[in-house]
Amino acid sequence: MRPGRRVGVLGGSFNPPHLGHLIAAQEAAASLELERVLFVPAGVQPLKRGERMASAEDRVRMVELAIADNPLFALSRADVDRPGPSFTVDLLALLQRQLGPEVELSFIVGADSLAELARWKDPARLLELCRLVAVPRPGYSPAEPIGLGLPNTRMRDRLLLLPIPSLDISSTELRARVREGRPIRYLVPDAVARYIRERGLYTGGD
Ligand code: ATP
Ligand code: MG
């Protein structure tokens, strides 16, 4: 049987996108032989409601700037163009419909997001729709699959822990740096830093 086309998906607020996101996507693409990684900025995130966020269009633009020089990476507006709260399982079903049944989806998450898996909507269905690729994140140890609510082997086999260089960078810290006038150079692509500066993003309270 001809192997399916493998596509990676990196969902996030990207508020703003940073080198941690880019390294995770690049490492997953290389290790899993992904033909492409889709960066999917979130519309309204169920677990993040109420937190201050740059507009969807600013976050989309920053992702475009961050990935522009990498032909493996592409932006998907699937989530921002969809009304209502965006659950990962619904997003993956939508992407599968858009990309076609021959595509195998790998959903890339940091260890912090993986730890929340049991709180996500319908983890069993999620793992039918995609392989889950978890990358390390400083401060978060890779969770035990059983603690994650993955009771059976079939589900656990869909989870891959992928070792990559750990970068202690978060969008939360970057927003604080901008607010406090500290540098973000070398933590985000130059074009993203320029956009943040020109648009005056993250200068108010968080
Ligand atoms: P925030 O601090 O606002 O939550 P973030 O830095 O966690 O921002 P998100 O947009 O929330 O960025 O993350 C999107 C995805 O990328 C999540 O799965 C997250 O775990 C992962 N991720 C973010 N930063 C890193 C990093 N430094 N290393 C590995 N994975 C990361
Ligand atoms: Mg986060």
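**A tutorial on pockets, sheet and loops**

Student: What volume does the second largest pocket have?
Tutor: In this predicted model, the second largest pocket has a volume of about 160 Å³.

Student: Which residues line the second largest pocket, and which elements supply them?
Tutor: Good place to look! The lining includes Arg177, Val178, Gly181, Arg182, Ala193, Ile196 and Arg197. Helix 7 (171–179) and helix 8 are the elements that give two or more residues. Helix 8 contributes the largest share of the lining, three residues.

Student: Let us turn to the sheet. What makes strand 3 and strand 6 edge strands?
Tutor: The open sheet has six strands in the order 3-2-1-4-5-6, paired in parallel. Strand 3 and strand 6 (159–161) each pair on one side only, and that makes them the edges. On average, neighbouring strands of this sheet are turned by 30 degrees against each other, direction ignored.

Student: How do you know that strand 5 and strand 6 pair?
Tutor: Two strands pair if at least two bridges are found between them. Strand 5 (residues 130–135) and strand 6 have three bridges, in the parallel sense, and so meet that cut-off. Val133 has Leu160 of strand 6 as its bridge partner, while Leu132 stands opposite Leu159 in strand 6.

Student: And how many bridges join strand 4 to strand 5?
Tutor: Strand 4 and strand 5 run parallel and are joined by six bridges. Here Ile108 has Val133 of strand 5 as its bridge partner.

Student: Why is strand 5 called largely enclosed by the rest of the structure?
Tutor: Five of its six residues are buried, so strand 5 is largely enclosed.

Student: Which elements do the buried residues of helix 2 pack against?
Tutor: They pack against helix 1 (19–32), strand 2 (36–41), strand 3 (73–75) and helix 8 (190–199). Among those buried residues are Val60, Met62, Val63 and Ile67. Helix 2 lies across strand 2 and strand 3, at about 165 degrees to strand 3. Helix 3 (residues 88–99) also packs on the sheet, touching strand 1 (5–12), strand 2, strand 4 (103–110) and strand 5.

Student: How does the reach of helix 2 (residues 56–67) compare with what is expected at 1.5 Å a residue?
Tutor: Helix 2 has twelve residues and reaches 17 Å from its first C-alpha to its last, close to the expected 16 Å.

Student: Why does Pro123 count as buried?
Tutor: Buried means under 20% relative accessible area. Pro123 is at 18% relative accessibility, so Pro123 counts as buried. Pro123 belongs to helix 5 (residues 123–129). Leaving aside neighbours within four places in sequence, Pro123 is in contact with Leu117 and Met155.

Student: Are Glu33 and Tyr186 buried or exposed, and why?
Tutor: The cut-off for exposed is over 50%. Glu33 is at 63% relative accessibility and therefore counts as exposed. Tyr186, at 62%, counts as exposed too. Glu33 lies in the loop between helix 1 and strand 2, and Tyr186 in the loop between helix 7 and helix 8.

Student: What makes the backbone of these two residues worth a look?
Tutor: Most residues other than glycine have a negative phi, and most peptide bonds are trans. Glu33 has a positive phi, near 50 degrees, and Tyr186 has a positive phi near 75 degrees.

Student: And what is the peptide bond from Asn15 to Pro16, cis or trans?
Tutor: That bond is cis, with omega near 5 degrees. Pro16 is found in the loop between strand 1 and helix 1.

Notes. Residues are numbered from 1 along each chain as its sequence is written. Chains are lettered from A and ligands numbered from 1 in the order in which they are written. This is a predicted model: local features need pLDDT of at least 70, side-chain atom pairs count only at pLDDT 80 or more; totals for chains, interfaces and linings use all residues. Side-chain values use heavy atoms; hydrogens and water are left out. Helices (H or I, at least four residues) and strands (E, at least two) are DSSP runs, numbered from the N terminus. Buried means under 20% relative accessible area, exposed over 50%, partly exposed in between (1.4 Å probe, protein chains only). Contact means heavy atoms within 4.5 Å. The expected span of a helix is 1.5 Å times one less than its number of residues. Axes are lines fitted to C-alpha atoms, for helices over the stretch in contact, and angles run from 0 to 180 degrees between N-to-C directions. On a 1 Å grid over the protein atoms alone, a cavity is a set of points where a 1.4 Å probe fits but cannot get out, and a pocket is an open set with protein on both sides within 12 Å along at least five of seven lines; lining residues have an atom within 4 Å of a point. Grid points are joined across faces, edges and corners, and a volume is the space filled by probe spheres set on the points.
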